[in-house]
Amino acid sequence: MSGAGSPSRHVLRAIAVWTLAAVVLVLAFGVDTEFARFWAFGLAFGFVLQRGRFCFASAFRDLFLLGHGRNMKGVLVGLAVASVGFAIVMARQVPIAELGFLPPTANVLPVGVHTALGGVLFGVGMVLAGGCVSGSLYRMGEGYLASWIAFAGLMGGLLISNYTWNWWWERSMSTAPRIWLPLSLGHSWSLALTLLALGAVFVGVLWIEHRAGMVIPASRPVGEVSGSVADDLRALGLNVFVRGWPIVIAGAVLGGLNVLLFTAQEPWGFTGEVARWAAELAGLFGAAPPPPMGAMDLPGCVLILSDGPVVNHMTFMVGGMWVGSFAGALGAGEFKVRIPTQRVRYAQSFGGGVLMGYGAGIAMGCTIGAFFSSIPSLAINGWVFAAFLGLGAWLGTVMIRGIA
Amino acid sequence: MTWEIDRTASKMAKTLDVRGEICPYPMMRTVTALKKLSADDRTLEVVTDHAPALDTIPTQAARLGFETAVEKVGGSEWRLVLTRKREGT
């Protein structure tokens, strides 16, 4: 029907992409082990996002639009897994939390008006664009043209945010507190409180689902009879590479990968890198943003202008996410170039991208850096960003109902 | 083939093509189409290339009284046949 070819052809293509990705890994390792490490993590994140159809935009939006909590449940499981892992890592970085030192690489970010406004703008933008930053990245790999357009808008929004960064720095960010729960509660109670809060949200999601009416569990093929080891291996292969993953498994794996990345270096995040691309591109036209005040001393996804090479380890992270999702989609027979027929979708995707970019710029991260890596950092900014993200997603949902 | 005879109503099933659409429009447009379906239309066929809709459409269709059968018809394309459940069942 479409040009996707026979099953064996797309599987061969997927194997070819994985092979190329492995070659890049080996070459990158020869140049800089950090490049190789971030390439591997990028591949893994992209693959899992694609296999789980893991979407932060729909996690928030579908609660309002459908009373449907599939994605939010996955997000909550991922946050719980990452919170436990992060707490262990941070307790080793800063054994006595009450002394007043913050774990150097955790996403404990200044929390203030910029966090709230960033959350609202990001929430509206991700719903308009039909995907947040990580969602757009993996859908780019799946062949959604609209996600490429959203990504272009995202670069534009990040650039605008970097023109206004110093304004925000002087009025809000520089004096905003960085609130790390273990400073006042200690490690154990902070983790317990975070897990309790996540559990409470989970119950809230179940309540929303049942208030909206009947809940149909995701259909899974059943009744396959396993006759041999080969059958079991075949079923395992299908479950990993072809069928969509159950969302809580995808969430748990993403949370676990985030812990591993934090253990190796720093929490997951990448909008700072995309902001750098936008800044360097603008620089080619003599329109580079001014150096962002205070950014060098902050964790999270802030713009770090480099005077060095064009490629750094984060370039490999973003590139790896594209290739991982592309390979995942190919292997499952889910890659297809999808071109929206309604013209309004192009404006919607671009505009949504710009809003997301500006929001992520002033909130110092997207749904990954300012949320998925911030709540596990046992930091208040993650919860504030999440609350306003919810508000923005609600506004966005009202808007897309009007655009239908 | 995309056409199928609906014998009880003895006319062609209606088809909604939402290929190329971004999230969440495949589901939203399906819900709109189901609500517009006249009482003697028993089925609606939806053609989509958006995998997440395979989770959202069956749930929303069920809330409107429709059962969903999913069939993969090509590389990343699915045909969903939504059938109105009989009264009282």
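Helix α15 of chain A, residues 380-403, gives five residues to a nonpolar surface patch, the largest share of that patch. Keep in mind as you look around that this is a predicted model. The patch covers about 510 Å² and is built from Phe64(A), Phe388(A), Leu391(A), Trp394(A), Leu395(A) and Val398(A). Pick out Leu395(A), which sits in helix α15 of chain A. Leu395(A) has a relative accessibility of 33%, so this residue counts as partly exposed.

Now let's move to where the two chains meet. Between them, chain A and chain B bury about 2,800 Å², and 55% of that is on carbon and sulfur atoms. Chain A brings 39 residues to the contact, and chain B brings 27 residues. What about the polar side of things? There are 13 residue pairs in polar contact between chain A and chain B, both residues being at pLDDT 80 or more. On the chain A side, the elements that give two or more residues to the surface touching chain B are α3 (56-65), α5 (113-129), α13 (344-363) and α15. So helix α15, your starting point, turns up here again, because α15 is among those elements of chain A.

How many salt bridges run between chain A and chain B? The count is four. One salt bridge to find joins the side chains of Glu21(B) and Arg345(A), at 2.7 Å from N to O.

Over all chains, the salt bridge count comes to 17. Let's visit a few more of them. In chain A, Arg61(A) pairs with Asp62(A), and their closest N and O atoms are 2.9 Å apart. Are these two buried or exposed? Both Arg61(A) and Asp62(A) are buried.

Another pair in chain A is Glu280(A) with Arg276(A), a salt bridge whose closest N and O atoms lie 3.1 Å apart. Why is about one helical turn the separation between Glu280(A) and Arg276(A)? Because they are four residues apart in helix α11 (residues 271-284) of chain A. The two ends of this salt bridge sit in different surroundings: Glu280(A), at 29% relative accessibility, counts as partly exposed, whereas Arg276(A), with a relative accessible area of 2%, is buried.

Over in chain B, Glu77(B) makes a salt bridge with Arg19(B), with the closest N and O atoms 3.4 Å apart. This pair links distant parts of the chain, 58 residues apart: Glu77(B) is in strand β6 (residues 77-84), and Arg19(B) is in the loop between β3 (14-17) and α1 (25-36). Glu77(B) has a relative accessible area of 3%, so Glu77(B) is buried, while Arg19(B) comes out as partly exposed at 29%. Salt bridges with shared partners tie this pair into one network made of Lys336(A), Asp17(B), Arg19(B), Asp49(B) and Glu77(B).

To finish, go back to helix α11 of chain A, where you'll find Thr271(A). This residue has a relative accessible area of 0%, so Thr271(A) is buried. Which residues does Thr271(A) touch, not counting residues up to four places away in sequence? Its contacts are Val133(A), Leu158(A), Cys301(A), Ala360(A), Gly365(A) and Cys366(A).

Notes: Residues numbered from 1 in each chain as written. Chains lettered and ligands numbered in written order. Predicted model: local features only at pLDDT ≥ 70, side-chain atom pairs only at ≥ 80, totals over all residues. Heavy atoms only, no water. Patch = residues over 30% accessible without salt bridge, like charges linked within 9 Å, V, L, I, M, F, W, Y side chains within 5 Å. Areas by Shrake-Rupley, 256 points an atom, 1.4 Å probe, with all protein chains shown as cover. Buried < 20%, exposed > 50% of the residue type's maximum accessible area, 1.4 Å probe, protein only. Contact = heavy atoms within 4.5 Å. Buried area = accessible area lost by both parts, 1.4 Å probe. Polar contact = N/O pair within 3.5 Å; in protein donor to acceptor, adjacent residues only side chain to side chain.
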